[in-house]
Amino acid sequence: MKRGDLADLNAFVAVADQRSFRAAASRLDVTPSALSHSMRQLEGRLGVRLLHRTTRSVSVTDAGLRLLERLRPAVDQIAGALEDLNQKRQRPMGRLRIHAVHVAAAAVIAPVWGRFLSTYPEVHLELAVDESPIDIVKKGFDAGIRPRDRVPADMIAVRVTGPMKTAVVGAPAYFTRRRPPRTPDDLAQHSCIQYRLSGDGALLAWQFERNRQSRRISVDGRVMVNDTDLAVRAAVDGLGIAYTLESLAEPFLRSGQLVRVLEDWSPSFEGLFLYYPGHRQVPATLRALIDMIRTARGSTPTRRSRENPFTKD
């Protein structure tokens, strides 16, 4: 079928419904003369008269009625598909696929996903957690979340967190056996939960800062993980002191399962950005998620901060 055939067939259905070239032309937003020309072209290509027309009236021929009977279900389906697409453009619905580093999934998506899904019941959220960089377009994701310096240059990036502060934490039971550290050097006397970076496999050096004095401490301990949640869990279980992000430790600090030490030495690191391709036609589901994340984040300051050590790849 040629591209013009579909437009002409749609025009024929409009004329047959309205029994008037003027009314049909108004419905299709074209001139009556252009509509009449389209009908003559269609009849010429088909080699059959579809419409009887006089200066006062329009009626459908027997051949036109047979064609109309076959066309109407298809035209209704096309109209329904376009209306569904328009509805999806205007309100959040359908599947939203997000690719995120672990820290982003825990600190950005998890805090809002319950409210997001209850607010938009027609949305299905898929969250893939992976530290490795991928081509989100090739893999079919709507957006990704990671530090700004790991966002591809051709993507639109939207800040979704402010600087992220670190926290050194341990269980109350652990500190009944050992005196809490008062300086980073005191960590040499403690069992620390070591963290292996997923990118290059190096061990994370614990970074500290106070009064413009910076320290990098290589710690030791009996437990080593490569997952931030497991590092916090090990600390909750009393296996040692963990170095993590404040946002990941906060629920356990609030419940009393963890206590914080060396807070005056804890630096802030670079925040996270949600990124997606192109400026135009941002899906309504993605726009709704961005708006909700921003609302939850509030007016967090975006001061300059160090590179996030937990998200190397």
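Which residues does S266 touch, not counting residues up to four places away in sequence? Keep that question in mind; the tour comes back to it at the end.

**The whole chain**

The model on your screen is predicted. Start with a cartoon view of the protein chain, where you can look for nine helices and 15 strands. Of its 313 residues, 42% count as buried. Now switch on a surface: the accessible surface comes to about 17,400 Å², and 48% of that belongs to carbon and sulfur atoms. Contacts tell you about the fold too. Take those between residues at least 6 apart in sequence: 76% of them join residues at least 24 apart.

**Stop one: helix α3**

Select residues 32-46, which form helix α3. You can check this helix with a ruler tool. At 1.5 Å a residue, its 15 residues should span 21 Å, and the end C-alpha atoms are indeed 21 Å apart, so the two values agree.

Next, colour L35, S36, S38, M39, L42 and E43, the buried residues of α3. They cover an arc of only 155 degrees around the axis, which puts them on the same side of α3. Why can residues that are not neighbours in sequence point the same way? An α-helix has 3.6 residues a turn, so residues three or four places apart point the same way. Turn to the other side of α3 and you will find S33 and G44, which are exposed.

Step just past the end of α3 to G47, where phi is positive, at about 70 degrees. Then go to the loop between α2 (21-28) and α3, where D29 lies. D29 has a positive phi of about 60 degrees although it is not a glycine. That is worth a second look: most residues other than glycine have a negative phi. At 71% relative accessibility, D29 counts as exposed, because the cut-off for that is over 50%.

**Stop two: salt bridges**

Side chains of opposite charge can pair when their charged atoms come close. The structure holds 12 salt bridges, and you can visit some of them now.

Show R45 and D8 as sticks. They form a salt bridge, with their closest N and O atoms 2.7 Å apart. R45 lies in helix α3 and D8 in helix α1 (residues 3-18), so the pair ties together parts that are 37 residues apart in sequence. Is each partner buried or exposed? R45 counts as partly exposed, at 41% relative accessibility, whereas D8 counts as buried, at 8%.

Stay with α3 and select E43 together with R53. Here the closest N and O atoms of the salt bridge are 3.0 Å apart. The pair links distant parts of the chain, E43 in helix α3 and R53 in strand β1 (residues 51-53), 10 residues apart. E43 counts as buried, at 11% relative accessibility, and R53 as partly exposed, at 27%.

Now move to R215 and D185, whose side chains meet in a salt bridge (2.6 Å, N to O). R215 lies in strand β10 (residues 213-217) and D185 in the loop between α6 (172-177) and β8 (194-195), so this pair ties together parts that are 30 residues apart in sequence. R215 counts as partly exposed, at 25% relative accessibility, and D185 counts as partly exposed, at 44%. For a group of residues, select E246, R260 and E263: salt bridges that share partners join them into one network.

**Stop three: helix α9**

Select residues 284-297, the 14 residues of helix α9. At 1.5 Å a residue they should span 20 Å, and the end C-alpha atoms are 20 Å apart, which agrees. Its buried residues are A284, T285, L286, A288, L289, I290, M292 and I293.

**Last stop: the loop between β13 and β14**

Zoom in on the loop between β13 (259-261) and β14 (268-269), where S266 lies. L262 is found in this loop as well. Phi of L262 is near 55 degrees, a positive value in a residue other than glycine. L262 is buried, with a relative accessible area of 5%, and S266 counts as buried at 9% relative accessibility. Draw a distance between these two: a polar atom of the S266 side chain lies 3.1 Å from the backbone oxygen of L262.

Here, finally, is the reply to the opening question. Leaving out residues up to four places away in sequence, S266 touches K165, T166, A167, E209 and R260. Select R260 once more: R260 also belongs to the network with E246 and E263.

Methods
Residues numbered from 1 in each chain as written. Predicted model: local features only at pLDDT ≥ 70, side-chain atom pairs only at ≥ 80, totals over all residues. Heavy atoms only, no water. Helix = DSSP H or I, 4+ residues; strand = E, 2+ residues; numbered from the N terminus. Buried < 20%, exposed > 50% of the residue type's maximum accessible area, 1.4 Å probe, protein only. Contact = heavy atoms within 4.5 Å. Areas by Shrake-Rupley, 256 points an atom, 1.4 Å probe, with all protein chains shown as cover. Expected span 1.5 Å × (residues − 1). Arc of directions from axis to C-beta. Salt bridge = Lys/Arg side-chain N within 4 Å of Asp/Glu carboxyl O. Polar contact = N/O pair within 3.5 Å; in protein donor to acceptor, adjacent residues only side chain to side chain.
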